[in-house]
Amino acid sequence: MARGGHRRRRRGGAVGDPPGAQVHPGRAGRDRPGIHWSRRGLGAKLYGRRPRRHGRPRGPALRRLRGRRVDRARRPALGARGRQQVLSVQAAAGRRAAAMRTAEVKRRFLAHFEANGHTVVPSAPLPAIDDPNLLFVNAGMVQFVPYFLGQQTPPFRRAVSVQKCIRTPDIDEVGKTSRHGTFFQMNGNFSFGDYFKEEAIRLSWDLITKPIEAGGFGIDQEKIWATVYLDDDESIGFWRAVGLPAERIVRRGKADNFWSMGIPGPCGPCSEIYVDRGPAYGREGGPEVDEDRYMEIWNNVFMQYERGPGTDKENYPILGELPAQNIDTGMGLERMASIMQGVDNLYEIDEVRPLIDKACELTGKRYNVSHTTTAAESHPDDVRLRVIADHVRTSLMLIGDGVTPSNEGRGYVLRRIMRRAIRAMRLLGYEDPALPELLPVARDSMSPSYPEIATDFGRISQYAYAEEEAFRSTLRAGTTILDVAVADTKKSGGKTLTGDKAFQLHDTYGFPIDLTLEIAAEQGLSVDTDGFKRLMAEQRKRAKADAQARKTGHADLSAYRGALDAGGAVEFTGYAEVSRESKVRALIGSGGLITSAGEGELVEVVLDVTPFYAEGGGQLPDLGLITVGGGKVEVLDVQQPLPGLIVHKARVVEGEVRSGEAGYAQIDVERRRAISRAHTATHLVHQTMRNFLGGSATQAGSLNAPGRLRFDFNTPGAVPASVLTDVEQQVNEVLMSDLEVRAFVTSQAEAKRLGAMALFGEKYGEYVRVVEVGEYARELCGGTHAARSGQLGLVKILSEASIGSGVRRVDALVGMDAFRHLAKEHLLVSRLAELYRVPREEVGDRVEQTVSQLRDAERELEKMRAQLVLGGAAALAEGALDLGGVAYVGTEAPEGAAVNDVRTLAQEVRGRFPADRPAVVAVAARANGKASLIVAINDAAKSRGLSAQDLVKGALSGRGGGNADLAQGGGVPADQAPHLLGAVQAAVQTR
RNA sequence: GGGGCCUUAGCUCAAUUGGCAGAGCACCGCCUUUGCAAGGCGGGGGUUAGGAGUUCGAUUCUCCUAGGCUCCA
């Protein structure tokens, strides 16, 4: 549809062309879209990137066109139905622009609310940095939560945003229904104590019913339904006022139409807007009857009341009206786009469908062959194609926002999503690396809305392709193991692969169960899936039980929230001072908020102002002392469990501390200085690495400890030793230039203009802190630093190593620690030079020479020892006794003979007997005060029923063993050696 | 955070109930030779991740530490 719509739009003249293109022609190329938060920026963001499609290479475009044409010819019924559907939903006036691109839906949404006084706020990054309980932003309002909860004052009273979101709880439903996608975008308008129900309803009604020519969505008023909360008569009145007839306004209960965050705080009724997609999608009668036909497109939440505690979703007390009533709305962008494009589900909109087409092209599958009305009844291949499209897009956006595949947390979610996509490709028969084919398609679909995806694609694809390679090697390993298991099962006549085996493959080797099923089926085996599920459930139970067990030991977040609510953000004054007067705002014990703590107790102290730096940005926390009233606490750790809340984890070392008392906080200055030096050094190492390795060498993590730093960064391979030397040298030159280190707060735009480096995964507010070292390095940073680069004294890089694919780590020392390290090494070289009696420069050569001489000498010695031991072999064989037809040699090896030589002697003597003459050779040896025994016998002796193992065990009463030909043992006192030989001889004799 | 598995030569991997640590590739030398991963002979290269224990004896069994893979939270 994208293409069809595009063509049509061009033919239709200016209808689809954004007005801003004419208004601000010059801005397009200058501003970087995607990072705008001001109204001014909107124009550039939305209008600035049209023309690039003309410059696209022809190959892929043609291919895609061809694919589309085939596709459309194949399923004319759906095409016709789809178009018809669009026409019936939209007002006649909108027909010419029937298929509206997703980016255009987004643009219109923002423009409508901007025109109505809303500030356009850019999407927050997907990783939800501020909330430890939330992996990803999963709703449009997440970045506004502190405003809704009254923790922060919003800088605007009206806002509008299109927020990137990820939801994974029902990941298994992806592709099976039309509604579940792991990545989606949420349009939302927000009011913070400004307008309420009436205007919210009017604004949303205006946007969806406004004709397309006028910038709206042009939806036929007849097709619109609304739901309201049971007793929300107000809202019914407002809906009637805009023109919606009473028969299309439905009252619904608490489960559907009442909102709360699950914790005490704001709550209130909702009003949802539905669009009737027509009889082809289901029965008549409104959303109560059929939610497939009547599709929810927009939820308006009216934050009207305050609620109390309660675990249940519907069971909690309403405490009263909120003083400031807020509006929070959400319109699924993809859902809206699917309606505007007349497609059945969100996988078929312009931002997703090209991925399905590409996957079809690669796998030779055809999408939606047996066309169905709802996604739920789809062919398994269709489900897989949708999974691929959704997951590839999600992966692209996640990596784009700085998430990288790993074994835990966010990275693990990403990894699972990526592997599911790759797996789905395999199940469709495509076994080559799939992401290099698919990811660029996702980039082309998404970059119109998110240009940074295109500019950053090198980094994104590097991670993605590396992850696919890693997965391919686990698949290879798993396939081998599975093949063996299948063969074993078949050999033993089984028809079923055990649940144990399937689980082991999944659990230990990461081999997906669906591939196990597939491969087993090919081999005619079934799999015990019940057993597999049981084992999975057990594992889940274990992990959950563990998580529960340790949660009780923690002060949970509510105590922190209480402390934060009690006085707002804690002021940090440590940039400017190292000690100050303060007051204890709250004390937190193991069970929550407490009022006092006595000597010896561990307690978490919240001050209203503090010079203590909380661990963050790789910088370790300050330690120190807080004196309060008659008490004194030693600070052991400082953390920031919630944004703005600085918590000192401390032990009361003297007296007692009480909440509310005034006190004096003092940090360990020496430690702070050493940490600050390390932090400044980290910036210099970062900048210098980039100077030598290029701009892609970005920071991936760091540790700033007293006198020591660790710096992780992205780079494809090992850093050559010569580069490390150069980096080290340049950093030290910067130290000698004694540059001033300056920190200042500025707008994000200004920081970007200055070229300050910013990190992925960090969420920055409108104002950011920039730290610069002269003109040499400039970085966004909240840490503490030395005043001048000269204060660092010396930076010494110790090592460079790999810590993961594409990530390297350097360790370095700073200041006196670096000096002490060098001094120590100097002493070491002095000592070596002295021991070898050579000039220092020659120590290396001399060591090399010595090692090689020593090795030669050892080899020579070994050879001579062997000769000594083996020399007598012939004579020993000559002197063999005959014990009832068995040749027997019993001898003691020279004192101190090595085990290897003794064994060789035994074998050597044995070899001197003809093959048909039974022979037993026993050699005893003494070493380290212990006697040992080795017995070697030949095949002829074995066929007489003799066994070397038995002989050794017999002589040593079990303390030895080996096999029938050769056995050894020992451990008895050295003077027992003759007895051992005697025992063997006796055993042979009396056999 | 909890569970399973892995770590052996520069690389990829072998090594039977615990009993002489190997192969292929790479490297070095010599020879042969000029055709797509050339061949032949010879050679160097190992604290079997580190530490402790059990044992006559540990790459192998047990425990601890470090790193990696993987599943579940």
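Which element gives the largest share of the surface near RNA strand B? I found that α20 does, with eight residues.

**Conventions.** I note that this is a predicted model, in which local features need pLDDT of at least 70, side-chain atom pairs count only at pLDDT 80 or more, and totals for chains, interfaces and linings use all residues. Residues are numbered from 1 along each chain as its sequence is written, chains are lettered from A and ligands numbered from 1 in the order in which they are written, and side-chain values use heavy atoms, with hydrogens and water left out. I took helices (H or I, at least four residues) and strands (E, at least two) as DSSP runs numbered from the N terminus.

**RNA strand B.** I counted a residue as near the strand if one of its heavy atoms lies within 4 Å of it. There are 35 residues around RNA strand B, and Tyr 412, Gln 539, Asp 546, Gln 907 and Gly 961 come nearest. Sugar and phosphate account for 64% of the atoms of RNA strand B that come within 4 Å of the protein.

I then looked up polar contacts (pairs of N or O atoms within 3.5 Å; within protein, one must be able to donate a hydrogen and the other to accept it, and residues adjacent in sequence count only if both atoms are side-chain atoms). An N or O atom in the side chain of Asp 507 is 2.5 Å from a base nitrogen of RNA strand B. A backbone N or O atom of Gly 962 is 3.1 Å from a base nitrogen of the strand, and the side chain of Arg 959 has an N or O atom 2.8 Å from a phosphate oxygen. Elements that give two or more residues to this surface include α14 (409-427), α18 (499-509), α28 (899-911) and β34 (960-962).

By class, I recorded six nonpolar, 16 polar and 13 charged residues on the surface near RNA strand B. Here Ala, Val, Leu, Ile, Met, Phe, Trp, Tyr, Cys and Pro count as nonpolar, Asp, Glu, Lys and Arg as charged, and the others, Gly among them, as polar.

**Second largest pocket.** I used a 1 Å grid over the protein atoms alone, on which a pocket is an open set of points where a 1.4 Å probe fits, with protein on both sides within 12 Å along at least five of seven lines; lining residues have an atom within 4 Å of a point. The second largest pocket holds about 1700 Å³ of space, the volume being that filled by probe spheres set on the points. Its lining has 42 residues, and Asp 172, Arg 416, Arg 420, Arg 423 and His 506 lie nearest its centre. Among the elements giving two or more residues to this lining are α14, α18 and α20; α20 gives the largest share, nine residues. I recorded 19 nonpolar, eight polar and 15 charged residues in the lining.

**Helices α14 and α6.** I compared each span with the expected one, 1.5 Å times one less than the number of residues. The 19 residues of α14 reach 27 Å from first C-alpha to last, close to the 27 Å expected. Because 14 of its 19 residues are buried (under 20% relative accessible area, 1.4 Å probe, protein chains only), α14 is largely enclosed by the rest of the structure. Gly 429, which follows α14, has a positive phi near 95°.

Helix α6 (residues 102-115) reaches 20 Å, close to the 20 Å expected. In α6, 11 of the 14 residues are buried, so this helix is also largely enclosed by the rest of the structure.

Conventions: Buried < 20%, exposed > 50% of the residue type's maximum accessible area, 1.4 Å probe, protein only.
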